[in-house]
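I opened my notebook for a look around this structure. Here is what I looked up, entry by entry.

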Amino acid sequence: MKKLLAILLCAMLLMPACPRAALGDTARDITTQCKITSSDSDSSIKSLYDRDETTGCGVRAGRGQYLQITPGDAPVAAVMLEFGTYTHSFAIQAQDTDGAWREVAPFENTGDYGQAYLTFPAQSGRFRIAFSCADGRERKATIREMYLFSEGTPDLALAHAWQPPCEKADLLFVVAHPDDEILWFGGAIPYYAGQLGLQVQAAYLTCYKPERRLELLNGLWHCGVRSYPDIADFEDYNYQRVDYAYRAWGKENILRHLVRLLRRYQPEAVVTHDLKGEYGHTQHIVCSETVREAASRAADASYDPDSARQYGVWQVKKVYRHLGDAPTTRMDWSQPLSFFNGRTGLEVAAEAFQLHVTQTWSGKFAVAAPGDSYDSTVYTLAYSTVGEDARGGDFLENIPLESLSNYIPEATNP
């Protein structure tokens, strides 16, 4: 025992006075402890860490532009960039002993990610974030926010390390606008994505401002989604008549887009808007009507043969619409969820909606609770190839368990 204590004492004495962060420690946001400069002396550099996603600093790829970081007391081991309308690929560069800059870690932003998170070997000395475009164009992008992290386990409240969109989704949520998936569906995404850990893909038809895209990403991440969402660029406008909305988007355009979504993500079930557009929003109505039609067309190889060749055809098993004149099922978002430390799905959804800062200031909208006019627990099964629900309370009722991503076959005796 004395020998063991002596060995431990010697080890302690040999440890450095300021040990590096242990692997189990949570990485800290140390952005403000670092000195940040731009290769073009951009005067808006402070907007990178003002934690206001409506402001930003421009960077132009293709001209060798970079941000230079000089760490403070703690080494930097990860970065997250939040982009505006356009995005860039980027790489971490460090200096060799001879002064030459070499690439340490790249982030190829081929998925046009609005939030890009990258870890790299901890840098205690000066380093660069250098930008590039995949197509080689000198296009200017705006970085709305930058987070620099110390070593340690990522703080998931800040570090959004998005995975690619689902190759095969269990559930696909299709909505018109950012925050619709929270306001009208309540605890659905926290329950299925967070608590159950299923492959949940969110798809949006329109997102007209960069800050709303960042709010969308923050809200989804808070609800447990890790697969990057599908964000289309249809015009955002609340037309007074549904036929005007169809005319603006092009009925065939929106149908083809939704068929491609279903074929690409191959969801077992789809959840979408109320047929009456919740409060009458015509783009909600178009989405609800067209998703139902797309579910039939996606299995028909003669419709949009290009996407059929690219992704194959797909038979969606179920489509649920929010609300309905004769609802067929009621969900329960009031159960405590261990993934969220005992908070309910409704509570998590309410927290996520608060991250949609541009939409909460008026107090006009809130996550629809049971009994509200837009009750987020009430749904209608609008399409099914697996029969009607008997138990209710589960979008995946009657879906074979082996079709789901979290299915684990039972062990068989040899």
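## Entry 1: a tyrosine in a strand

I started with Tyr-66, which sits in strand E3 (residues 66–70). I should jot down early that this is a predicted model. Is Tyr-66 buried or exposed? I got a relative accessibility of 18% for Tyr-66, so it counts as buried, the cut-off being under 20%.

Next I checked what Tyr-66 touches, leaving out residues up to four places away in sequence. My list for Tyr-66 reads Thr-37, Ser-38, Ser-39, Arg-128, Ile-129, Ala-130 and Phe-131. I also looked up Phe-90: Tyr-66 and Phe-90 are 24 residues apart in sequence, and their C-alpha atoms are 8.9 Å apart in space.

## Entry 2: salt bridges

Then I went after charged pairs. A reminder to myself: side chains of opposite charge can pair when their charged atoms come close. How many salt bridges does the structure hold? I found 16 of them.

I picked out the one between Glu-145 and Arg-51, where the closest N and O atoms are 2.7 Å apart. Glu-145 lies in strand E9 (residues 140–149), while Arg-51 lies in the loop between strand E1 (35–38) and strand E2 (57–60), so this pair ties together parts that are 94 residues apart in sequence. Glu-145 counts as buried, because its relative accessibility is 0%. Arg-51 comes out at 33%, so I wrote it down as partly exposed.

My second pick was Arg-264 with Asp-230, whose side chains meet in a salt bridge at 3.6 Å, N to O. Here Arg-264 is in helix H6 and Asp-230 is in strand E12 (residues 230–231), so the pair links parts that are 34 residues apart in sequence. Arg-264 is partly exposed, with a relative accessible area of 33%. Asp-230 is buried, with a relative accessible area of 12%.

A third one joins Glu-351 and Arg-343, with 2.9 Å between the closest N and O atoms. Both ends are partly exposed: Glu-351 at 29% relative accessibility and Arg-343 at 25%.

Which residues are joined into one network by salt bridges that share partners? I noted Asp-29, Arg-51 and Glu-145.

## Entry 3: H6 against H8

On to helices. Two packed helices are described by the angle between their axes and the distance between the axes. For helix H6 (residues 251–265) and helix H8 (residues 282–297), I wrote down an angle of about 55° and axes 9 Å apart. That angle makes H6 oblique to H8. The crossing of H6 past H8 is right-handed.

On the H6 side, the contact is made by Lys-251, Ile-254, Leu-255, Leu-258, Val-259, Leu-262 and Arg-263. The H8 side brings Val-286, Cys-287, Thr-290, Val-291, Glu-293, Ala-294, Ala-295 and Arg-297. I sorted the residues of this contact of H6 with H8 by class: 10 nonpolar, one polar and four charged.

## Entry 4: H5 against H8

Last, I tried helix H5 (residues 242–249) with H8. The two pack at about 75°, with their axes 9 Å apart. That makes H5 roughly perpendicular to H8.

From H5, the contact uses Val-242, Ala-245, Tyr-246 and Trp-249. From H8, I listed Thr-282, Gln-283, Ile-285, Val-286, Glu-289 and Thr-290. By class, the contact of H5 with H8 has six nonpolar, three polar and one charged residues.

Note on methods: Residues are numbered from 1 along each chain as its sequence is written. This is a predicted model: local features need pLDDT of at least 70, side-chain atom pairs count only at pLDDT 80 or more; totals for chains, interfaces and linings use all residues. Side-chain values use heavy atoms; hydrogens and water are left out. Axes are lines fitted to C-alpha atoms, for helices over the stretch in contact, and angles run from 0 to 180 degrees between N-to-C directions. Helices (H or I, at least four residues) and strands (E, at least two) are DSSP runs, numbered from the N terminus. Angles under 35 degrees count as roughly parallel, over 145 as roughly antiparallel, 65 to 115 as roughly perpendicular and the rest as oblique. A crossing is left-handed if the near helix is turned anticlockwise from the far one by less than a right angle, and right-handed if clockwise. Contact means heavy atoms within 4.5 Å. Ala, Val, Leu, Ile, Met, Phe, Trp, Tyr, Cys and Pro count as nonpolar, Asp, Glu, Lys and Arg as charged, and the others, Gly among them, as polar. A salt bridge is a side-chain nitrogen of Lys or Arg within 4 Å of a carboxyl oxygen of Asp or Glu. Buried means under 20% relative accessible area, exposed over 50%, partly exposed in between (1.4 Å probe, protein chains only).
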